[in-house]
Amino acid sequence: MLRQYELVERVRRYDPDANEELINRAYVFSMQAHGSQKRASGDPYYSHPIEVAGILTDLRLDDETIATAILHDTIEDTVATPEQIEKLFGPNVARMVDGVTKLSKIEAQSENERAAENLRKFLLAMSDDIRVLLVKLADRLHNMRTLHYIPSEAKRRRIAKETMDIYAPLAERVGMYEFMKEMQTLAFQQLEPEAYESITKRLDQLKEGGGDRIARIASGLTLLLGRHGIQAEVTGREKHPYSIWRKMTERHISFEQLSDIMAFRVVVADTEQCYRALGLIHERWPMVPGRFKDYVSTPKRNGYRSLHTSVIHNEKVRIEIQIRSEAMHAQAEYGYAAHWAYKQGTAADVGGTKVSWIRDLVEILDHADSPEELLEHTRMAMYQDRIFAFTPTAS
Ligand code: MN
């Protein structure tokens with residue numbers, strides 16, 4: 001578990017002006033409030049909110065958000081009151097802790113109860129301040145990381161399904177792809193254990209058989225661009241198991257038929273170099289028709305920018321390549337949070353930012369005729385940038 005001084009140190013590294021005392025006070029308050037409560041893992045309960053705060057330091061979030069993360073379960077699970085929180089930590093932290101608590105309450109209701117009206121409340125609680133959503137997503141990510149400690153399989157599956165249906169799409173919607181991928185991987189492992197097992201096993205076999213193919217292709221790309229004066233940071237990886245599974249089920253194909261399981265990322269200095277790099281790559285290897293997407297000139301609604309293409313590399317391997325600048329890359333990894341950090345220099349001005357797409361959803365909710373229609377709209381708006389495949393029943 002993160003120690004008090006480690007957490008403060010992490011925050012001060014990216015924000016020297018952070019209110020150290022606020023974080024320390026929250027740490028002590030949370031530890032005392034949770035007392036001897038235990039997690040399913042056997043760890044003391046207070047380790048959970050501290051880890052959630054730790055996850056948020058990766059996003060370089062401001063001191064109030066870190067304090068909110070540390071306190072996020074105190075109203076729901078301890079005798080602490082909203083008045084106490086407000087008195088000790090100020091109105092902003094109190095409001096955000098209240099927001100996260102509201103989300104947890106809605107979550108605790110049964111699936112049938114959780115109809116349109118609740119979804120509306122859910123979205124409203126988040127729309128006041130996007131930091132509430134970021135804390136909630138980090139909370140869910142940590143709960144997913146420790147999901148295997150929960151003894152009841154039914155409960156594990158319910159949490160995994162909820163993560164797949166609600167939280168992973170939300171993470172994607174705000175552009176937090178690292179969160180999304182980790183949530184999907186963990187949920188997939190729980191929901192389709194056999195498929196997960198067989199895909200990861202095959203990926204491992206490929207790794208052994210192909211030697212360091214990824215490293216070879218990556219250094220080839222670096223060399224090609226370098227020869228033309230473009231300094232690029234090239235990384236390669238296999239796609240994550242859930243995205244492979246989704247492709248297999250969408251296209252009704254087997255793992256062997258799936259040709260592009262390797263993806264490469266080319267990070268260059270600026271936008272102009274993105275297009276030059278693309279040109280050089282297409283000149284060198286034939287592109288796969290229909291796979292080129294220019295999210296630089298037309299960004300996704302969540303602000304994501306990148307050039308995507310697939311080419312047929314030597315040895316008849318299809319590879320996917322994403323090309324982006326450093327600024328685009330930071331935003332793609334951590335979404336809005338990084339975007340603000342870049343723009344503001346610090347993450348301190350995040351507060352009070354209204355998230356327009358959530359507002360849009362609430363608007364739709366207010367003007368629809370029936371609860372069913374509301375839900376339908378909501379899901380569609382939420383998932384509109386992606387093809388969303390519900391996990392098929394195992395056959
Ligand atoms: Mn929690």
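Let's start with a crossing: helix 8 passes helix 9 in a left-handed one. This is a predicted model, so please keep that in mind throughout. Helix 8 covers residues 130–145 and helix 9 covers residues 153–173, and the two pack at an angle of about 145° with their axes 11 Å apart. On the helix 8 side you'll find L133, K136, L137, R140 and M144, and they meet I159, A160, E162, T163, Y167, L170 and A171 in helix 9. Sorted by class, that contact has eight nonpolar residues, one polar and three charged.

Now, if you scroll back towards the N terminus, have a look at helix 1, residues 4–14, and helix 2, residues 20–34. Their axes are 10 Å apart and the packing angle is about 150°. That angle makes helix 1 roughly antiparallel to helix 2. Which hand does the crossing of helix 1 and helix 2 have? This one is right-handed. Helix 1 brings Q4, L7, V8, V11 and R12 to the contact, while helix 2 brings E20, I23, N24, Y27 and V28. Here the split is six nonpolar, two polar and two charged.

A third helix pair for you: helix 12, residues 213–227, packs on helix 14, residues 271–284, at about 115°, with the axes 10 Å apart. Helix 12 and helix 14 are therefore roughly perpendicular to each other. Their crossing is right-handed. L221, L224 and L225 make the contact from helix 12, and A277, L280, I281 and R284 make it from helix 14. By class we have six nonpolar residues, no polar ones and one charged.

While we're on helices, please click on helix 4, residues 63–71. How many of its nine residues are buried? Eight of them are, so to speak of helix 4 as mostly covered is fair. The buried ones are D63, T65, I66, A67, T68, A69, I70 and L71.

On to the aromatics, which I suspect some of you were waiting for. Searching the whole structure turns up six aromatic pairs. Take Y177 and Y304: the ring centres are 5.2 Å apart and the planes sit at 70°, so this pair is edge-to-face. It also links distant parts of the chain, with Y177 in helix 10 (residues 177–191) and Y304 in the loop between strand 3 (293–294) and strand 4 (307–313), 127 residues apart. Are these two tyrosines, Y177 and Y304, buried or exposed? Both are buried.

Y304 has another partner as well. With Y295 it forms an edge-to-face pair, 5.9 Å from centre to centre and with 70° between the planes. Y304 counts as buried because its relative accessibility is 5%. Y295, at 18%, counts as buried too, since the cut-off is under 20%.

Elsewhere, F188, Y196, Y242 and W245 form one aromatic cluster.

Let me finish by zooming out to the whole chain. It has 17 helices and five strands. Of its 395 residues, 53% are buried. And if you take contacts between residues at least 6 apart in sequence, 70% of them join residues at least 24 apart. The Y177 and Y304 pair, at 127 residues apart, is a nice one to pull up on screen for that theme of distant parts being linked.

Notes. Residues are numbered from 1 along each chain as its sequence is written. This is a predicted model: local features need pLDDT of at least 70, side-chain atom pairs count only at pLDDT 80 or more; totals for chains, interfaces and linings use all residues. Side-chain values use heavy atoms; hydrogens and water are left out. Axes are lines fitted to C-alpha atoms, for helices over the stretch in contact, and angles run from 0 to 180 degrees between N-to-C directions. Helices (H or I, at least four residues) and strands (E, at least two) are DSSP runs, numbered from the N terminus. Angles under 35 degrees count as roughly parallel, over 145 as roughly antiparallel, 65 to 115 as roughly perpendicular and the rest as oblique. A crossing is left-handed if the near helix is turned anticlockwise from the far one by less than a right angle, and right-handed if clockwise. Contact means heavy atoms within 4.5 Å. Ala, Val, Leu, Ile, Met, Phe, Trp, Tyr, Cys and Pro count as nonpolar, Asp, Glu, Lys and Arg as charged, and the others, Gly among them, as polar. Rings of Phe, Tyr and Trp (its six-membered ring) pair if their centres lie within 6.5 Å; planes under 30 degrees apart count as stacked, over 60 as edge-to-face and the rest as tilted. Buried means under 20% relative accessible area, exposed over 50%, partly exposed in between (1.4 Å probe, protein chains only).
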